[in-house]
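Reader: I should be grateful for a close look at a single part of this structure, namely the largest cavity. Please define each term as it arises.

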Amino acid sequence: MLKSTIVFSKKWKNIHFYLFTMLDFMQIRTAMIQTDILIIGAGPVGLFAVFEAGLLKLKCHIVDVLPQPGGQLAEVYPKKPIYDIPGFPSVLAGDLITNLMEQIAPFKPGFTFGERVEKIERQENTRFLITTNKGTEFDAATIFIAAGLGCFEPKRPPITNIRDFEEIGVDYVVREPEKYRNKSIVISGGGDSALDWTIFLADVAKSITLVHRRDSFRGHLDSVEKVMALARDGKINVITEAEIVGVNGSAHLTEVEIKKNSGESVNVSTEYWLPLYGLSPMLGPIADWGLNIEKKSILVDTTDYSTNVPGIFAVGDINEYQGKLKLILCGFHEATMAVQSAFAICYPDKKRQFKYTTVAGIEGF
Amino acid sequence: MEQLLDITIYVTDREGEEHTLTVPTDMNMNLMEVCKSYELGVEGTCGGMALCASCQVYVHSEHPLHEQMDAELDMLDQAFFVQNNSRLGCQIRMIPELDGLKVTIAPKTEQ
């Protein structure tokens, strides 16, 4: 292959490597990804589904809106010990994910992180066409929804017309800091994220007003001290014991209304407001896929955890049935059962072989 | 002396209706779980790890609640509708000392 025949200096080799990596990357991004099972959600249950599918020689591809595997376990409580995983008297959530990634590695699952599945369509050949918010497409025989509590999305402050200013002044996530160069911005929230961005943007923005509900901050001590120093030096304006209760403007945000705990109100002119209140899970697009949903959960048949849409299964915390327990260990069972039915859909003419791993070992791809 | 096993607490739901609830104290329950079992609209999304604030309540009575841990304070810092008497229901364990506890469930954050 061309890639291995050209040997120049180390520098050239590097350039070559990057070029090919980039091309490979682009190819992956543009071609439709084919798989037997498309798994939505890279939490423990989604990951373990890969293992059980792999034993039946089914290929899996996982999509998750978060940038890393693990779902809640990685995003919310990586350092918490879990005591009810059979065989582990205690295991840290983060370690459980590391172990699961190692366990499924032989089956070479595909991963797409940082993207959210938006659309599911049935093709003429009965397979599914799945599209993410970034336009990545998958062609899959079956779909496993292992989305836990849903997608983690930024919390939206309870202000009636806030949605009108999203993308035109209200940003929940800082994607491109340069966007705020020489602009006036208001940042609110009390956690590390609000403090970190205040510090970072202090040199970028024209002016920064930091609004916080209490009179003290709970972020890292170092960050709190830096913010206080910036305030002392007059580089930022800090308003504490106050909340933002309104947004105004027409084509773009022009000001926010701040209500102090004392009852006093002030309007602050600003081009941007960054409400940074962390993430919270939401059902999101899952609600639009024609599934039977009750109280934010997908109703399933407990013989194989199939949904009302043939070929779509729901496993783990996202599903609901009589006697449901939201436990990781129950999710492992559900995924194992669902994989058996997925096999029948992928290979209707093949007979399914049931083998113990103690007998057959792990034969990867 | 015989220990009081069931206590009575008063929970006002989001519609403003007050519910008088009989709650066992020997089952290691917290207020979030109590509200869920009585179907008062509390979500308890994170399952009680002080990680979501969907069980926020306002405490009206002067009961001796244990001090707030960092996780609870952190979460309240990122929640909405927070008042000085805000607590996370999942961090309030049902113990005999809380007989007569009076709380109101905080508004839900619409997404």
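Author: The account below begins with the cavity and then turns to the sheet that contributes to its lining.

The model is predicted, so that local features need pLDDT of at least 70 and side-chain atom pairs count only at pLDDT 80 or more, while totals for chains, interfaces and linings use all residues. Residues are numbered from 1 along each chain as its sequence is written, chains are lettered from A and ligands numbered from 1 in the order in which they are written, and side-chain values use heavy atoms, with hydrogens and water left out.

A search of the whole structure finds one cavity of 30 Å³ or more. A cavity is a set of points, on a 1 Å grid over the protein atoms alone, where a 1.4 Å probe fits but cannot get out; lining residues have an atom within 4 Å of a point. The largest cavity holds about 70 Å³ of space, where a volume is the space filled by probe spheres set on the points, and grid points are joined across faces, edges and corners.

Both chains supply lining residues: from chain A come A:Ser188, A:Gly189, A:Gly190, A:Val211, A:His212, A:Arg213, A:Ala242, A:Glu243, A:Ile244 and A:Tyr277, and from chain B come B:Asp77 and B:Ala79. By class, the lining comprises five nonpolar, four polar and three charged residues. Here Ala, Val, Leu, Ile, Met, Phe, Trp, Tyr, Cys and Pro count as nonpolar, Asp, Glu, Lys and Arg as charged, and the others, Gly among them, as polar.

Strand β13 (residues 242-249) of chain A gives the most to this lining, with three residues. Strands are DSSP runs of E with at least two residues, numbered from the N terminus. In chain A, β13 belongs to an open sheet of three strands in the order β13-β14-β15, with antiparallel pairing; two strands pair if DSSP finds at least two bridges between them. Because β13 and β15 (265-269) of chain A stand at the edges, each with a single partner strand, one side of each is left without a neighbour in the sheet. From one strand to the next the twist averages 25 degrees, with axes taken as lines fitted to C-alpha atoms and angles running from 0 to 180 degrees between N-to-C directions.

Elsewhere in this sheet, strand β14 (residues 253-260) of chain A pairs with β15(A) in the antiparallel sense over five bridges. A:Val256 has A:Val268 in β15(A) as its bridge partner.

Note on methods:
On a 1 Å grid over the protein atoms alone, a cavity is a set of points where a 1.4 Å probe fits but cannot get out, and a pocket is an open set with protein on both sides within 12 Å along at least five of seven lines; lining residues have an atom within 4 Å of a point. Helices (H or I, at least four residues) and strands (E, at least two) are DSSP runs, numbered from the N terminus.
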